[in-house]
Structure formats: C-alpha cells, structure tokens
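Reader: Please take one part of this model and look at it closely, then work outward to whatever surrounds it. Plain description is enough.

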Amino acid sequence: MGRIFLDHIGGKNLFYCANCGTVLTSDNELVSTRFTGTTGRAFLFNRAVNLDFSEIQEKMMITGRHFVRDVSCKSCLVKLGWMYEFACDEGQEYKEGHIILEKALISKSD
C-alpha cells in the first residue's frame, strides 16, 4: 500500500475528521447548516478535500430522489456524509456537486 497524500484547503476556520483529525474543508466553503443526516444535524459545503467517494447510489430522501456518493475520510475511511451527483426534483438542483458532512462526525477549529 502506498503513501496517502493529503490536501489542505486553506482558510482559518477549518473542519476536520473527528476520528483522525484530517483537514476536510473550511468556513469559506460552507453553504448551509440546515441539513439533516443519519446522525442528526449536517452541513452543506461547496467542496471538501481528503475524501474518498463510493459508487453512485440512488436514494429517496426527504427532499426527493437524488443520486449520491457516500464520502469517507481518506485517512481513516470513516463515512462522513455524501455528495449530491444529481437531483431529480425541480428546485433541488442547487445541491448538485455539493457535499454533506455530518456534524457529529466532524470537528471545527476555533
């Protein structure tokens, strides 16, 4: 197995994997804090780094049918949320290409 190369997104207020401390994203990429994941509150981000992506899956969510990929920490492989690939319902297209990270699974620098 080779060496894992990690990226750094930059910025001051960073979000980390709560399990291993790998940098994931920053406040600059935060779109909304008003989402719900499987563990409770979740955040929508424009982009994040140091993630592995699963194959595309079709899921029926509260807001309709979506095609998503699960996202996991590149370092420790803990599942952290998902990425919206495609939204089937009108009005949900703004989520496409964005990433949900669950609050319970990430930590934030002060």
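Author: The starting point is A48, a residue in the loop between strand 4 and strand 5. The model is a predicted one. A48 has a relative accessible area of 16%, and since buried means under 20%, A48 counts as buried. Along the chain A48 and C73 are 25 residues apart, and their C-alpha atoms are separated by 10 Å.

The loop that holds A48 also holds N50, again between strand 4 and strand 5, the latter covering 51-53. N50 is buried as well, at 3% relative accessibility. Its backbone deserves a remark: the phi of N50 is near 60 degrees, a positive value in a residue that is not glycine. Most residues other than glycine have a negative phi. L77 is another non-glycine residue with a positive phi, of about 70 degrees. L77 sits in the loop between strand 7 and strand 8. Its surroundings are described by another class, as L77 counts as exposed at 58% relative accessibility, whereas N50 is buried.

Next comes the strand that leads into the loop of A48. Strand 4 runs antiparallel to strand 3 (residues 30-37), and 5 bridges join them. The connection from strand 3 to strand 4 is a hairpin of 2 residues. Within this pairing, L30 stands opposite F45 of strand 4. Strand 4 also pairs with strand 9 (residues 99-102): these two run antiparallel and are joined by 4 bridges. Here L44 stands opposite I100 of strand 9. In a regular strand the side chains alternate between the two faces of the sheet.

F45 leads on to the aromatic residues. The whole structure contains 5 aromatic pairs. One of them is formed by F15 and F45, with 5.1 Å between the ring centres and 70 degrees between the planes, an edge-to-face arrangement. F15 belongs to strand 1 (residues 14-17) and F45 to strand 4 (residues 40-45), so this contact ties together parts that lie 30 residues apart in sequence. Both F15 and F45 are buried. For F67 and F86, the ring centres are 6.2 Å apart and the planes make an angle of 45 degrees, so the pair is tilted. The two rings come from strand 7 (residues 64-73) and strand 8 (residues 79-87) respectively, so parts 19 residues apart in sequence are tied together by this pair. F67 is partly exposed at 23% relative accessibility, and F86 is partly exposed too, with a relative accessible area of 43%. Back on the side of F45, ring pairs link F15, F43 and F45 into a cluster.

The cysteines can be taken next. The sulfur of C17 has its closest cysteine sulfur in C76, at 3.6 Å, which is too far for a bond. Seen from the other end, the closest cysteine sulfur to that of C76 is in C17, at 3.6 Å. A disulfide requires the two sulfur atoms to be within 2.5 Å, and the count of disulfides comes to 0. C17 is buried, with a relative accessible area of 1%, whereas C76 is partly exposed at 24% relative accessibility.

The pairing partner of strand 4 also leads to the largest pocket. Strand 3 gives the most to the lining of this pocket, with 4 residues. Strand 3, strand 6 (57-61) and strand 8 are the elements that give two or more residues to the lining. The space in the largest pocket is about 310 Å³. Its lining consists of 16 residues, and T36, M61, I62, W82 and Y84 lie nearest the centre. Sorted by class, the lining has 6 nonpolar, 5 polar and 5 charged residues.

To return to the part that was chosen: A48 is a buried residue in the loop between strand 4 and strand 5. Strand 4 itself has antiparallel partners in strand 3 and strand 9, and through F45 it is tied to strand 1.

Conventions: Residues are numbered from 1 along each chain as its sequence is written. This is a predicted model: local features need pLDDT of at least 70, side-chain atom pairs count only at pLDDT 80 or more; totals for chains, interfaces and linings use all residues. Side-chain values use heavy atoms; hydrogens and water are left out. Rings of Phe, Tyr and Trp (its six-membered ring) pair if their centres lie within 6.5 Å; planes under 30 degrees apart count as stacked, over 60 as edge-to-face and the rest as tilted. Buried means under 20% relative accessible area, exposed over 50%, partly exposed in between (1.4 Å probe, protein chains only). Two strands pair if DSSP finds at least two bridges between them. On a 1 Å grid over the protein atoms alone, a cavity is a set of points where a 1.4 Å probe fits but cannot get out, and a pocket is an open set with protein on both sides within 12 Å along at least five of seven lines; lining residues have an atom within 4 Å of a point. Grid points are joined across faces, edges and corners, and a volume is the space filled by probe spheres set on the points. Ala, Val, Leu, Ile, Met, Phe, Trp, Tyr, Cys and Pro count as nonpolar, Asp, Glu, Lys and Arg as charged, and the others, Gly among them, as polar.
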